[in-house]
Amino acid sequence: MGSTKVTAPSLKDLTIDNITPNVHLVNSPCQNRRLKYLLERLVTHLHDFVRETRLSTDEWMTGIEFLTAVGQICTDVRQEFILLSDILGVSLLVDSVDHPKPEGATEGTVLGPFHTHEAHSVANGESIAGDPDGQPCLVLCSVRDTSGKPISGVRIDVWETDSKGFYDVQYADRTGPDGRGIVTSDDDGLFWFKAIVPVPYPIPHDGPVGKLLGRLGRHPYRPSHMHFKFDKEGYDPLITALYVRNDPYENSDAVFGVKNSLVVDVKEVKDREVAENYGAYVGCALIEYDFVLVLESEALALREQRAAEAMKAQGRKVTFLDGLPVPELD
């Protein structure tokens, strides 16, 4: 800032007791009210954490080195910070706060670190999986609004592992996307495609997040599941997954993603007409589910309502900017 004179508080003789209000004071000129509020709460909680735990310098440096290692291992196809967020339960918490669901709507869950933007569009009935060792499966679903009306033209991004529990991006010699595709709901709100029956697998545990799990005495496994991401203008985006019932890791998902409403049975195509209509065969594995999307306006109103209730419970007076709470101006 050169020789420009800056009006600021005198930041001298700071102590354990007075450093927090002084950091708030020096951050107070921030014109972005949401950013200012976020930093005020972040600094408060971080400082309280240090004071509460009597954090040592060695421990703080270990934390910094750990976060540095998390960043260094990240690539275009491996997001270790998302993985860290997942195993700490933060990802699920953020999704639950930002995308509240009224009764009857499909619950959300974690995006995970392996979503990409490489998936190709496939027509209903086509296969997204090229793994010859996987158990073939017909996925037959519908998508409706909260009043039960079918929603056409919804873009559904789907991805899953192969039968060995690896996503396509985990293979160094891959030539393109596999185990993923984008389908679109038809006029009746239906969509269907061929895949393989999901299998359980470990999240990447060869990096700093995996080492942390080991130190915590936790396993790295996720139960068998298939990811779905729904997008259509006017509707709140939905990121969710379907989990196979009775999977050995159903009740101990490493990233806390399982919800009872998302657990499904893997059935079998028994009706010859169904097999013919959807390009499958009698005896093929079958996963069925009815998804329910929420209007964007409905989700925004619900998010503000729940935020206002939470702020009131904390004794905070807030207003909303772009649907997000900020403290009321004095």
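Helices (H or I, at least four residues) and strands (E, at least two) are DSSP runs here, numbered from the N terminus. This is a predicted model, in which local features need pLDDT of at least 70 and side-chain atom pairs count only at pLDDT 80 or more, while totals for chains, interfaces and linings use all residues. Residues are numbered from 1 along each chain as its sequence is written, and side-chain values use heavy atoms, with hydrogens and water left out.

**View 1. The helical stretch at residues 32–106.** UniProt, in an unreviewed entry, puts "domain: Catechol dioxygenase N-terminal" here; its positions follow the numbering used here, feature names are shortened, and annotations may be inferred rather than shown by experiment. The span is 73% helix and 0% strand, and its end C-alpha atoms sit 34 Å apart.

**View 2. The stretch at residues 126–293.** The UniProt label for this one is "domain: Intradiol ring-cleavage dioxygenases", again from an unreviewed entry. Strand makes up 33% of the span and helix 9%, with 24 Å between the end C-alpha atoms.

**View 3. Where domain 2 meets domain 3.** The domain assignment (bounds from an automatic or database source) splits the protein chain into domain 1 (1–55), domain 2 (80–292) and domain 3 (298–329). Seven residues of domain 2 and five residues of domain 3 make the contact (heavy atoms within 4.5 Å). The two domains bury about 530 Å² between them, 56% of it on carbon and sulfur atoms; buried area is the accessible area (1.4 Å probe) that two parts lose on being put together, summed over both. On the domain 2 side, Asp98, Pro100 and Pro102 lose the most area to domain 3, together 64% of what that side buries.

**View 4. Arg303 and Asp98 up close.** Their side chains pair up in a salt bridge at 3.7 Å, N to O (a side-chain nitrogen of Lys or Arg within 4 Å of a carboxyl oxygen of Asp or Glu). The rule finds one salt bridge across the interface of domain 2 and domain 3.

**View 5. Arg78 and Asp206, loop to loop.** These side chains form a salt bridge at 2.9 Å, N to O. Arg78 is in the loop between α3 (57–73) and α4 (80–87) and Asp206 in the loop between β5 (201–202) and α6 (208–216), so the pair ties together parts 128 residues apart in sequence.
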